[in-house]
Each structure stands twice: as C-alpha cells, then as structure tokens.
Amino acid sequence: MKVGAFVCDCGAPDALDSEGVREGVADEDVEVVASASHLCGDGLPKAAAVVDEYDLDHVVATAPDAGCQRRIRGMAEQQGLHPDATAFVDHREGAGWVHDEPAATEKTSRLIDAIVAGLREESPSRSVSREAGEHVVVVGDPAAAESLAGRADVTLVADGLDLGSAAYDLDEVSVERGRVAAVDGRFGEFELTLEARVTEDCIGCMDCVKLGPDEAVTSYPVDIAPDAPDGEYLECCPVDAIEPDGVTRTLGADQVVYPGGPRKGRGGQLGYFNHFDGGVAAAVESQLGGVSKPQHLDIEMDICASGSSGVEGCTRCTDACPHEAVTRPSVDTVEFDETACMDCGACTSSCPTGAVQLREPTNERLAREVESVLDVDKGGRLSNVFGDGPAIESPVLAFVCSEQAEDALTAYGRQAGRGEEAGYDPILPVRVNCTDTVGESQVLHALAAGADGVAIVGCGDACLHSGPDPKQELVERINVATSDLDLGSRTAFFAPEGDAPRSFAAELDAFVSSLEPTPIPTGEHEATGTGRPDSAREAFTTHDWALESLRVIIDATDPEREVIRGLDTFGRMSVSDACNLTPTCTTLCPTDAIRRSDDGELQFNHADCVNCELCETGCPEGAITMEPGLDRSRLPENRDGEEWEPVFEGEMLECVRCGTPFTSVGSMEKVRDEVGDLVEGVAGDTEHSIFEYCDNCRANVVFQGVDDGR
C-alpha cells in the first residue's frame with residue numbers, strides 16, 4: 001500500500017500548523033505528506049501530480065466538507081485510484097476549531113496515521129439480499145395508506161376507525177376490518193393477527209349499523225367494537241356474519257406501517273415502522289420487492305455457545321440485538337437474519353467465542369487504529385515544532401458513534417468556528433458504527449495500548465439502536481475491573497447533544513482531569529488478539545483479545561487482587577461432591593475448557609473458559625457453579641505453565657471384562673440404585689453386576705449369557 005497524505009488548511013489557516021502535521025505523520029506506508037491552502041480548488045492539479053509522481057494507490061486528505069471530499073475523490077479516481085481508496089480526516093470541526101493549535105496539530109497527525117493503519121485491515125465488501133413482495137399493510141392511518149397507494153400494494157387495517165366518511169382517496173387501497181392483536185414475523189414474512197366481531201361473510205347491508213348503538217358500530221368497514229353492549233342488533237344480520245364472541249384471522253404483509261403501534265426491537269426492525277413521515281415513505285418504497293445491502297457480519301456457528309442437546313447456553317447475542325435480527329428458533333440454536341442487521345455491532349461485542357464478528361470495522365482494524373492514534377512516537381513527533389513533549393499530555397481514547405454523536409461533535413466544531421465557547425479537551429477519536437460495537441475487549445485493549453482513559457461517546461436518548469445510556473452497565477463493570485487492576489476508574493460514557501457543548505465539555509474535562517497518568521507505556525503493545533499462541537480459535541474474539549490485554553495491564557500494575565471482578569466473559573468453575581463425572585459438561589463446553597481424565601479427575605482450563613454457563617445449566621447433578629471474573633492464580637503463567645487444574649477428583653470404573661475406564665463409580669452406583677432391581681440377573685452366569693461392564697462388553701455378556709473374558 002502506498003499512501004499520500006494531503007493537508008489543507010480548509011478555511012482555518014490559524015487553527016493548526018500544516019508543517020507540524022507533516023512532521024507528525026509517521027506511518028511507514030505514507031510515501032509523501034503534502035500541504036496546500038486550497039487543496040480542493042487550486043491545489044487539485046498539484047495533488048494529481050503527486051499521485052502520479054509517487055504512484056500512490058491511496059489518498060488521505062484533511063477535508064471535512066462534503067463538497068471538498070467529492071472533488072478530491074474525483075481527482076483520485078481520474079488518476080486511476082479505486083473509488084474507495086480515498087479517506088478523509090476532520091482536522092477542522094474535530095480538531096482545529098475546538099482545540100488549541102499544538103493539540104489540533106498533533107491530533108491531526110495522529111488521526112492520519114490511524115486512518116492509514118485502518119486501511120491496511122479493511123475488509124473486502126460483500127452483500128446479502130432478500131426478496132420480498134410489494135404488499136404493505138398500514139394500520140389505522142388512512143393518510144399513510146393514501147400516500148403509499150400507487151407505489152405499493154396497500155392494505156389498510158381500520159383498527160377501529162370508521163372510514164365511511166373519511167376525506168381520503170382509498171380507491172387503490174384494500175380496506176380490512178378488525179383490530180390488530182399482534183404483529184409477528186420479519187421483513188417479507190410479517191403476519192398480523194386481527195380480531196373482529198364481524199366475519200368475512202358480511203355483505204355490507206349495514207342493518208347492524210342502523211340498529212346498533214352510536215360509536216359502537218363502524219359503517220366502513222362494518223365492524224362492532226369489542227366493548228360494544230349486547231343487544232338485539234347482534235342478531236339482525238341476514239347472513240349471520242356477526243360473531244358476538246369475536247373471530248380471529250391473520251393477514252400477511254411484506255412491510256408494516258403501524259403508527260403508534262408497539263416498537264419492534266429496541267432500535268426498530270427492518271420493514272416495520274411505528275410512525276409515518278416522508279422518510280418512512282421513502283424507506284418503504286426503497287424496500288419494495290426486496291433489499292440488497294452490505295454484509296455486516298462474519299458468522300461461524302460451529303463455535304457458538306448457544307446450547308446443545310436441548311440445553312440453553314449463552315444468550316448474549318439475542319439479548320443484545322436491538323433490531324430482532326438474532327432469534328432463537330429453539331432453545332439450543334441461534335439464527336441470524338443478516339438482511340435485518342443494522343450494523344450496530346451489539347452481537348459481536350457481546351459474543352465471547354467469536355462466533356459472530358463485524359466485517360467492518362473488524363476488531364483487528366479497531367485495534368490497529370487505537371494503537372496508532374495512541375502511539376506518541378508515531379502521532380506525537382512534534383518536539384521540534386512545539387517543544388520537548390507531546391501537546392496532548394493525557395491521551396484519552398474516544399470510541400465515537402458514527403451517527404448522532406459524531407454529528408453533535410461536528411456541530412460543536414461549527415459553533416466554535418463561529419467564535420462561540422465550544423472547545424473541549426483533545427480526546428483521540430476512533431470511529432465505531434455504534435457504541436454497541438464497544439465491549440470489554442475494546443476498552444481493555446485501549447488501556448493496554450497506553451490510554452490514560454477511555455471515553456465512549458454515544459447518542460444517549462437519541463440512539464437509533466439501544467436507547468439511552470446503552471453503555472452504562474459496561475462502564476460500571478469495566479471500572480470495577482480496572483479498580484481491581486489498580487488503575488482506578490478510567491472509563492466513562494458521554495452523550496453530546498448539538499445544542500449543549502458547554503455541558504459536554506465540562507463533563508469531559510472533569511473526566512480527563514480526574515485521570516492519573518497510566519503506568520502502561522504507549523507504542524509498545526501490538527495486539528495479536530489471541531489468549532495463547534497455539535489457540536485454535538480465530539484471533540480477536542471478545543474473550544481472547546480481552547485476556548491478552550489483561551495480561552499486558554497486569555504486567556504493568558501488578559495488582560494485589562487475585563480475582564478481577566467485572567469481567568463477564570471469564571468464568572470461574574467450582575464443582576461439588578455431587579459430581580458423578582458424567583461427560584455432559586465436557587460435551588457441552590464450546591471452547592473445550594473442561595475435560596475428564598481416565599483416572600477420574602475433572603479438569604478445567606480457566607484461560608479458555610468464556611463463561612457461557614452451558615456446563616452449569618446442563619450438569620445433571622447440579623454440581624457445577626460458575627462465577628464471572630478472572631482469577632489470576634488459575635492462569636497458566638501462575639501455575640508453572642500448566643493450563644489444566646483439577647476441580648474434582650472422583651474414581652473411574654474400569655470394565656471388568658476389557659479393562660477400559662468407562663464411567664465413574666458414582667455414576668454407576670447412582671444408576672444401579674435407580675434401576676438395579678429391574679435388570680437383576682441379566683448378566684447371566686457371571687459373578688459381576690451388569691453395571692461393571694462397559695457398553696460393548698455389556699452387550700456381549702447379555703446376549704451370550706456368560707462372561708467369556710474376551
């Protein structure tokens with residue numbers, strides 16, 4: 001990869017030092033750093049010449065304005081670069097206008113390096129699609145039905161409205177009686193349950209309307225309210241279409257518009273809208289016939305901890321998904337609807353095994369961007385410009401949501417550009433799809449890479465996915481863990497709002513000023529994403545990546561506590577005397593963190609356990625208890641390199657015929673006590689109990705009636 005970085009003052013010549021940015025950019029793949037005062041105008045021909053001279057295949061430019069970005073991208077494409085080979089850094093609204101010149105200069109150079117580091121890990125694009133029809137059901141909103149008619153096949157469910165005198169053009173709309181009791185299904189396969197007291201045999205004679213009480217019977221479509229009083233009018237129908245106790249029917253739909261209806265998923269569901277406006281109308285129209293969209297997830301169900309053999313296991317992805325794109329068709333299976341996925345990353349940051357991961361940005365890409373933006377040697381080599389030390393004295397890594405939170409920070413920059421007080425401490429942003437993308441592994445890695453603190457900057461009440469303060473629980477857990485690691489509280493959640501920069505600045509500045517310098521050096525840790533070198537799992541899973549980061553932190557802090565609390569992807573197993581050494585736990589464990597030895601010892605690998613609790617749930621004796629948290633004393637580096645520890649010592653029973661250990665003495669005795677009377681004597685002419693033989697030998701003895709010793 002050969003990258004050219006282009007630095008433009010973009011209307012802010014006094015906001016940062018272009019020469020300082022050029023000095024600060026240090027990524028090895030950046031072939032040249034050029035500066036201009038009007039890059040997207042007079043500077044374009046010069047930039048094109050630089051692209052040719054250095055044979056560049058990527059361009060990174062400081063250009064926050066959409067028009068400037070369009071012109072620079074066009075220049076790069078004319079020089080033969082791929083349309084996706086141009087990236088941009090906001091050095092103005094996000095740096096120069098809200099920070100002083102030294103900090104803005106250093107931050108810009110760091111961001112350029114981070115962008116380049118991320119480009120090296122960019123995933124190839126893929127797409128997913130689903131076909132659907134054009135049938136849209138609108139509930140109780142004739143104006144919405146009228147608006148969509150002609151563009152879609154629209155059915156309007158009256159939901160108790162009398163449309164007989166409605167001032168709407170419904171000639172192209174099918175009108176259905178009934179009230180909606182439930183909406184189930186997914187895009188292309190929705191099913192509405194309708195309840196009514198008039199059946200489909202109704203001929204519209206309106207006898208019941210004439211005789212029934214006012215406000216209780218609608219004329220179009222003819223229906224009777226559920227709470228309408230009894231009376232003779234219920235028996236007047238000439239075709240017996242009135243059912244006083246009510247009837248239920250279902251109606252299929254490809255999309256549903258249900259203004260005021262229940263919310264489907266915390267962040268909404270593809271093809272289902274509980275309000276109606278111009279944006280919804282456009283979305284409905286764009287989805288007629290089906291959808292095609294980028295593939296957001298890489299899924300490997302072979303390592304999923306959802307369950308096995310009817311035993312429910314890990315439910316973190318289904319609990320986390322705000323869009324009902326992850327479901328459990330049965331107690332021990334998980335199903336992902338990739339067309340319904342909204343790319344928030346909630347399932348990926350919560351999955352402990354790595355069964356589901358984001359395609360873009362991948363965890364590895366986030367790791368490289370974090371490491372680059374924090375590396376003082378790369379992003380802060382400005383001593384020759386601004387003095388002996390870096391201008392950003394307290395490096396605080398900020399995971400910034402790419403939706404409303406990013407917009408709010410941009411708005412702050414514009415307010416500052418107008419001369420208003422809207423500045424804040426220079427946090428180092430790494431862009432994420434949504435703060436749902438951020439889990440304990442991302443935060444721990446940032447701290448292991450040398451961040452003094454981690455700010456999670458999200459949308460708060462405006463979040464399109466998880467709702468208000470979606471990371472509060474995570475922040476509380478992580479601060480418990482970092483306190484146990486002798487780092488103190490170093491993580492906080494912020495929800496900036498575009499019209500309140502001073503409040504955000506005050507909260508952020510208070511957080512930054514509360515941070516002591518980290519004892520962990522920057523520029524030294526490059527994550528491999530593995531818990532151990534010979535791990536069979538893919539790198540950068542939630543558990544393994546977090547374990548690697550914890551080891552870096554522990555080496556630097558040497559905490560007093562053995563058990564690090566607040567980490568829910570690490571499990572501590574204990575086993576009671578009720579254990580009969582059945583193979584259930586070893587069979588269920590998705591990470592092979594449990595094994596049974598031939599001499600009756602149950603062994604546990606703490607470093608590989610992801611705390612899915614399948615072993616505890618599935619244990620037939622109820623002998624296993626799992627607790628969250630990392631126990632340093634149970635890691636191999638604190639046990640002379642031994643990964644496995646005994647958690648229960650029992651006694652294995654050897655087959656009296658072939659000598660093979662086949663079950664525990666406890667299991668044999670339990671089965672014998674329960675069914676021994678029923679099978680007494682089936683072993684034939686032998687002095688041994690039938691329970692003393694393995695499965696193979698038992699069959700031979702039963703059918704032969706004698707133990708021949710073979």
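A residue is called buried here when its relative accessible area is under 20%. With that in hand, load the model, which is a predicted one, and look at the whole chain. Of the protein's 710 residues, 54% count as buried.

**The overall view**

Colour by secondary structure to begin. The protein has 22 helices and 35 strands, and its C-alpha atoms fill a box of roughly 100 × 90 × 45 Å along the principal axes. If you draw contacts between residues at least 6 apart in sequence, 71% of them join residues at least 24 apart.

**Stop 1: the largest pocket**

Select Phe88, Ile115, Arg365, Glu406 and Arg431; these lie nearest the centre of the largest pocket, which has 48 lining residues. Its volume is about 1,800 Å³. Now show the elements around the pocket as cartoons. At least two lining residues come from each of the helices α3 (66-78), α4 (92-96), α5 (101-119), α11 (363-374) and α14 (404-417), and likewise from each of the strands β4 (86-89) and β24 (428-432).

Keep Arg365 selected and add Gly133. How far apart are the C-alpha atoms of these two residues? They are separated by 38 Å, with the two positions 232 residues apart along the chain.

**Stop 2: Gly133 and its loop**

Centre the view on Gly133, which sits in the loop between β5 (127-131) and β6 (135-139). Its relative accessibility is 27%, so Gly133 counts as partly exposed. Leaving out residues up to four places away in sequence, show what Gly133 touches: Asp254, Leu288 and Gly289.

**Stop 3: an aromatic pair and a cluster**

Next, display the aromatic side chains. The count comes to six aromatic pairs. One to zoom in on is Phe190 with Tyr272, a tilted pair with 6.5 Å centre to centre and 45° between the planes. Phe190 belongs to strand β10 (residues 190-198) and Tyr272 to strand β15 (residues 272-273), so this pair ties together parts that are 82 residues apart in sequence. Are these two residues buried or exposed? Both Phe190 and Tyr272 are buried.

Then select Tyr412, Tyr424, Phe494, Phe504 and Phe511, which form one aromatic cluster.

**Stop 4: a small helix and a cavity**

Move to Thr318, in helix α9 (residues 316-320). Thr318 has a relative accessible area of 18%, so it is buried. A polar atom of the Thr318 side chain lies 2.9 Å from the backbone oxygen of Thr315. Apart from residues up to four places away in sequence, Thr318 touches Val326, Thr327 and Arg328.

For the next view, switch on a cavity display. A search of the whole structure finds five cavities of 30 Å³ or more, and the largest of them has a volume of about 110 Å³. Which residues lie nearest the centre of the largest cavity? They are Leu297, Cys321, Ala325, Cys341 and Cys347, out of 17 lining residues.

**Stop 5: the cysteines**

Show the cysteine sulfurs. How many disulfides does the structure hold? The number is zero. For Cys401, the nearest cysteine sulfur is that of Cys459, 3.6 Å away; a disulfide would need the two sulfur atoms within 2.5 Å. Cys401 is buried, with a relative accessible area of 1%.

Cys615 is another one to select. Its closest cysteine sulfur is in Cys612 at 6.4 Å, which is too far for a bond. Cys615 is at 8% relative accessibility, so it counts as buried.

**Stop 6: the loop at Glu403**

Go back towards Cys459 and pick Glu403, in the loop between β23 (396-401) and α14. At 22% relative accessibility, Glu403 is classed as partly exposed. Setting aside neighbours within four places in sequence, Glu403 is in contact with Asn433, Cys459, Leu464 and His465. Add Ala462 as well: its C-alpha atom is 9.6 Å from that of Glu403, although the two are 59 residues apart along the chain.

**Last stop: helix α15**

Finish by selecting residues 440-448, helix α15. Nine of its nine residues are buried, so the helix is largely enclosed by the rest of the structure. Among them are Glu440, Gln442 and His445, along with Val443, Leu444 and Leu447. Step just past the end of α15 to Gly450, where phi is positive at about 110°.

Notes:
Residues are numbered from 1 along each chain as its sequence is written. This is a predicted model: local features need pLDDT of at least 70, side-chain atom pairs count only at pLDDT 80 or more; totals for chains, interfaces and linings use all residues. Side-chain values use heavy atoms; hydrogens and water are left out. Helices (H or I, at least four residues) and strands (E, at least two) are DSSP runs, numbered from the N terminus. Buried means under 20% relative accessible area, exposed over 50%, partly exposed in between (1.4 Å probe, protein chains only). A polar contact is a pair of N or O atoms within 3.5 Å; within protein, one must be able to donate a hydrogen and the other to accept it, and residues adjacent in sequence count only if both atoms are side-chain atoms. Contact means heavy atoms within 4.5 Å. Rings of Phe, Tyr and Trp (its six-membered ring) pair if their centres lie within 6.5 Å; planes under 30 degrees apart count as stacked, over 60 as edge-to-face and the rest as tilted. On a 1 Å grid over the protein atoms alone, a cavity is a set of points where a 1.4 Å probe fits but cannot get out, and a pocket is an open set with protein on both sides within 12 Å along at least five of seven lines; lining residues have an atom within 4 Å of a point. Grid points are joined across faces, edges and corners, and a volume is the space filled by probe spheres set on the points.
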